[in-house]
Amino acid sequence: MATEGSCSLEFFPPKTNAGREKLLNETLPALADLNPEYCSITYGAGGSTRDTTVATVAAIADAGQDVAPHLSFGTDNRETMKGLLEEYQQQGVQRLVALRGDAPAGDGTPEKSCVYANELVSFIRETTGDHFNIKVAAYPEIHPEAVSYSHDVHFLKAKLDAGADAAVTQYFFNVESYFYFMDRCAAAGITQPIHPGIMPMTNFANLMRFSTACGAEVPRWIRQRMADFAEDPDSAYKFGIEVVSQLCSTLIDSGAPPIHFYTMNQAEPMRTIARNIGLLKGGDNHAGDQALQRSVA
Ligand code: FAD
């Protein structure tokens, strides 16, 4: 059974053997003492990572973690999706992150294979009953395709009413957007937890690219400060840690549910942030620090 942990951690399925080795032998051991409630594994647009997601889920479960595969219909039909759910049930997986997902880049519009997340949640409940704990996605700064703010909150409620247990947000840096969103969700009658999703700033250029695509705003003051550090990666890194640690502390102090971290398969800066916000207590002598030191030696 799943136990309540201090946070949850998201990983993507590595494309190469080297990436897989690094995830399983370095990153995961280095983050294990954060005591995550579960580790979630992303699913490529249109089902493009199906095999690597399934393999990564199995490997992380073997390492003793509670795992939550992400999934979406993509171009799959109901029978294929049913087969994937059965496979996860047989593996002992008890959690899922249910998504509409996007079409693969350059491979047509999302509408072509669009099964909304509320429909996927209904399908999972119809086919597997209460077996899975289901999380869905939420957008404090509103999904880029949403007709309006209130439509997006309405469809989040539809996913939860269809049987999802909780939501995890897209990452954000404007903490006020999360607090306001929580108020709007409560006013709409949503009672399930909405876990803040937080992205450490590892590679600022990549972060800016993702953020434009997914509608998450990087505030001007952060962009301006990062521009100051364009030639100084150490200072950029320290600034990113400071901003994200402060954001997490504000969320924790406000009583937000456990944070979901988009780790990008990196143990650092995750460990430093975790230490700054009190998820890791004590000095540098944790098993995770030792794993990290071995990996860089
Ligand atoms: P939905 O909830 O279906 O919403 C999509 C859009 O349609 C929204 O604009 C919404 O307002 C609208 N809408 C919703 N329901 C209806 C309806 N019934 N009728 C009409 N309009 C509706 N992407 C990946 O490819 N792989 C991943 O592993 C992945 N993991 C993610 C994890 C988290 C925590 C988050 C926040 C996002 C993740 N994404 C992932 C991105 C996600 O797939 C995209 O944001 C996608 O565009 C929307 O998916 P969704 O499940 O939120 O869609």
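Select S211 and show the residues around it. Apart from neighbours within four places in sequence, S211 is in contact with Y171, A216 and V218. This is a predicted model, and the tour goes through it stop by stop.

**Stop 1: helix 7**

Widen the selection to residues 204–214, which form helix 7, the helix that holds S211. Is S211 buried or exposed? S211 is buried, because its relative accessible area is 4% and the cut-off for buried is under 20%.

Now colour F204, L207, S211 and C214, the buried residues of helix 7. They lie on the same side of the helix, because they cover an arc of only 95° around the axis. To see what they pack against, add strand 6 (166–171) and helix 8 (220–228) to the view.

Turn the model to look at the face of helix 7 that points away from the buried side. Which exposed residues does that face carry? They are A205, R209, T212 and A213.

Next, look at the two ends. At the start of helix 7, select N203: one of its side-chain oxygens comes to within 3.2 Å of the backbone nitrogen of A205. Just after the helix, select G215, where phi is positive, at about 75°.

**Stop 2: helix 6 and helix 9**

Hide helix 7 and select residues 175–187 and residues 233–253, which are helix 6 and helix 9. Their axes come within 10 Å and cross at roughly 25°. The two helices are therefore roughly parallel, since angles under 35 degrees count as such. The crossing of helix 6 and helix 9 is right-handed. To see where they touch, show side chains for V175, Y178 and F179 on helix 6, and for L247, T250 and L251 on helix 9.

**Stop 3: helix 2 and helix 3**

Move to residues 50–62, helix 2, and residues 78–90, helix 3. How do the axes of this pair cross? They come within 11 Å and cross at roughly 15°. That angle makes helix 2 roughly parallel to helix 3. The crossing of helix 2 and helix 3 is right-handed. On the helix 2 side, select R50, T53, V54 and V57; these meet T80, L84, E87 and Y88 of helix 3.

Stay on helix 2 and pick T56, which is also part of this helix. T56 counts as buried, because its relative accessibility is 5%. Which residues is T56 in contact with, leaving aside its neighbours within four places in sequence? Select P13, P14, L23 and I41 to see them.

**Stop 4: K159 in helix 5**

Select K159, a residue of helix 5. Its relative accessibility is 11%, so K159 counts as buried. Show the side chain and follow it to the backbone oxygen of A137, which it reaches at 2.7 Å.

Then bring in the surroundings. Beyond neighbours within four places in sequence, K159 is in contact with A117, N118, V121, V136, A137 and A164. Add E119 as well: K159 and E119 are 40 residues apart along the chain, and their C-alpha atoms are separated by 7.7 Å.

**Stop 5: the loop before helix 5**

Go back along the chain to I142, in the loop between strand 5 (133–138) and helix 5 (149–161). I142 is not a glycine, yet its phi is positive, at about 75°. Is I142 buried or exposed? I142 is buried, with a relative accessible area of 15%.

**Stop 6: the loop before helix 10**

The last stop is the loop between strand 8 (259–262) and helix 10 (270–276), which contains P269. Select E268 together with P269. What kind of peptide bond joins them? The bond is cis, with omega about 15°.

In the loop between strand 8 and helix 10, select N265 too. N265 is a residue other than glycine, and its phi is positive, near 60°. With 8% relative accessibility, N265 counts as buried.

Conventions: Residues numbered from 1 in each chain as written. Predicted model: local features only at pLDDT ≥ 70, side-chain atom pairs only at ≥ 80, totals over all residues. Heavy atoms only, no water. Helix = DSSP H or I, 4+ residues; strand = E, 2+ residues; numbered from the N terminus. Buried < 20%, exposed > 50% of the residue type's maximum accessible area, 1.4 Å probe, protein only. Contact = heavy atoms within 4.5 Å. Arc of directions from axis to C-beta. Polar contact = N/O pair within 3.5 Å; in protein donor to acceptor, adjacent residues only side chain to side chain. Axes fitted to C-alpha atoms, helices over the stretch in contact; angles between N-to-C directions. Parallel < 35°, antiparallel > 145°, perpendicular 65-115°, else oblique. Left-handed = near helix turned anticlockwise from the far one by under 90°.
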